[in-house]
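Subject: Structure for your review

Dear colleague,

Please find below the structure that I am handing over to you, with its sequence. My notes on it come after the model.

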Amino acid sequence: MKAITLLGSTGSIGTQTLDIVATHPDRFELVGIAAGNNVELLAQQVRQFKPKIVAIRNSEKLPQLREAIADLDPQPEILAGEDGVIEVARYGHAEAVVTGIVGCAGLLPTLAAIEAGKDIALANKETLIAGGPVVNPLLEKHGVKLLPADSEHSAIFQCLQGVPEAGLKRIILTASGGAFRDWPVERLSEVTVADAITHPNWSMGRKITVDSATLMNKGLEVIEAHYLFGLDYDDIDIVVHPQSIIHSLIELQDTSVLAQLGWPDMRLPLLYSLSYPERIPTPLEPFDLVKAGDLTFREPDHQKYPCMELAYQAGREGGSMTAVLNAANEQAVALFLDEQVQFLDIPRLIERVCDRHRAQNKATPSLDDILAADDWARQAVREAAESLTAKTVLA
């Protein structure tokens, strides 16, 4: 029985993690849970799993949460705000923390969990993208395992089992191509929010689905792979694989290529990150090569997906630039989802802000440097968006 805590319980990652816990009650005990705003769903989860500590990030929702579970006996410890989420992350006897919080908001709770000696099942890629220069030394200091829980990096990690340290030559990340993989580039000026949040293969949250549509998610995964597996950016490639059956591949020094295959279901990488090194029998649908059918691959279109090159460039520059890239993307996507900017404005805003940061990029940033860069980039995107809007109005 492994005691775990879950950050971001009401999101896509969180609900799928709870499916795993419910399916394997003899293997996992949920002792702590944290969510953002969804009081109704969080209260249902607390009733079902009876954690010892609960936090809701939106402090204004605390009275509603207390009322929704007032009849429970015994009562869990109930907290609110970022400090409350951090307390859940470092809680008591939990052995592992699943980080399902979207965006850079997951960084501080993840650092708190590491400092408390908890293993990390990482489903929040922004933690490494923004905070890699701080996170990796902290993992080593506290002897903590960080296991990837997203499909691509879990695939790489699974393929690496048994591979000698010097055996890895290249990583190949597969991309579905997102909502617009079959659209001509000329049509992207017509994209609506409804178009961008409809993924052809995966069930994900709105923000990450837009990232998939811009292919920024794959650029961010390149940076994450660099921090997780230590390869140079020249040795991390992207290939479009529309069926999302091969979740990623590795090439070894002798040119052998290993791949991990399966249906597009996040529960499998989440389960492996929690059960590693074991392989637990599950009721998931067995994989069938005949049913999967043809598997196809193609080069990503850099004209259609400029965000990929922005991510490679930020990764090669390193330092605080990746934190700026990540924050700029989060803010630009948020503005798009609020219909304040157009789809094609997302890479334009990111590029403009990264260009502004270049002269101030810090090669070995501290946590304070990363947090300051994150705040600055968000404000810089908002300012740049206002400029774009003003120009459109004048035109």
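The notes below cover an annotated site, one asparagine and a pocket.

Please bear in mind throughout that this is a predicted model.

Annotated site

UniProt, in an unreviewed entry, places the feature "binding site" at Asp150, Glu152 and Glu221. These positions span 72 residues in sequence, yet no two of their C-alpha atoms are more than 9.6 Å apart, so they gather at one spot.

Two of these positions may be described further. Glu152 belongs to helix α7, which covers residues 151–160, while Glu221 is part of helix α10, residues 216–229. Are these two glutamates buried or exposed? Glu152 has a relative accessibility of 10% and counts as buried, because the cut-off for that class is under 20%. Glu221 is likewise buried, its relative accessible area being 2%.

With neighbours up to four places away in sequence set aside, Glu221 touches Asp150 and Glu152, as well as Lys125, His153 and Leu173. The three annotated positions are thus linked through Glu221 by contacts in the model. On the same basis, Glu152 is in contact with Glu221, Leu173, Thr174, Lys218, His247 and Ser248. Leu173 therefore appears in the contact lists of Glu152 and of Glu221.

Asn124

Asn124 sits in the loop that runs between β6 (119–122) and α6 (126–142). Its relative accessible area is 0%, and Asn124 is accordingly buried. What does the side chain of Asn124 reach? It reaches the backbone oxygen of Ile101, at 2.4 Å. Beyond its neighbours within four places in sequence, Asn124 is in contact with Ile101, and also with Thr99, Val102, Gly103 and Gly106.

Second largest pocket

The second largest pocket holds about 440 Å³ of space. It is lined by 19 residues, of which Leu146, Phe157, Leu160, Leu228 and Phe229 are the closest to its centre. Which elements contribute to this lining? At least two residues each come from α6, β7 (146–148), α7 and α10. Helices α7 and α10, which supply residues to this lining, also hold Glu152 and Glu221 respectively. By class, the lining comprises 15 nonpolar, 2 polar and 2 charged residues.

I would be glad to receive your comments on any of these points.

With kind regards

Terms used. Residues are numbered from 1 along each chain as its sequence is written. This is a predicted model: local features need pLDDT of at least 70, side-chain atom pairs count only at pLDDT 80 or more; totals for chains, interfaces and linings use all residues. Side-chain values use heavy atoms; hydrogens and water are left out. Helices (H or I, at least four residues) and strands (E, at least two) are DSSP runs, numbered from the N terminus. Buried means under 20% relative accessible area, exposed over 50%, partly exposed in between (1.4 Å probe, protein chains only). A polar contact is a pair of N or O atoms within 3.5 Å; within protein, one must be able to donate a hydrogen and the other to accept it, and residues adjacent in sequence count only if both atoms are side-chain atoms. Contact means heavy atoms within 4.5 Å. UniProt positions are given in the numbering used here, feature names are shortened, and annotations may be inferred rather than shown by experiment. On a 1 Å grid over the protein atoms alone, a cavity is a set of points where a 1.4 Å probe fits but cannot get out, and a pocket is an open set with protein on both sides within 12 Å along at least five of seven lines; lining residues have an atom within 4 Å of a point. Grid points are joined across faces, edges and corners, and a volume is the space filled by probe spheres set on the points. Ala, Val, Leu, Ile, Met, Phe, Trp, Tyr, Cys and Pro count as nonpolar, Asp, Glu, Lys and Arg as charged, and the others, Gly among them, as polar.
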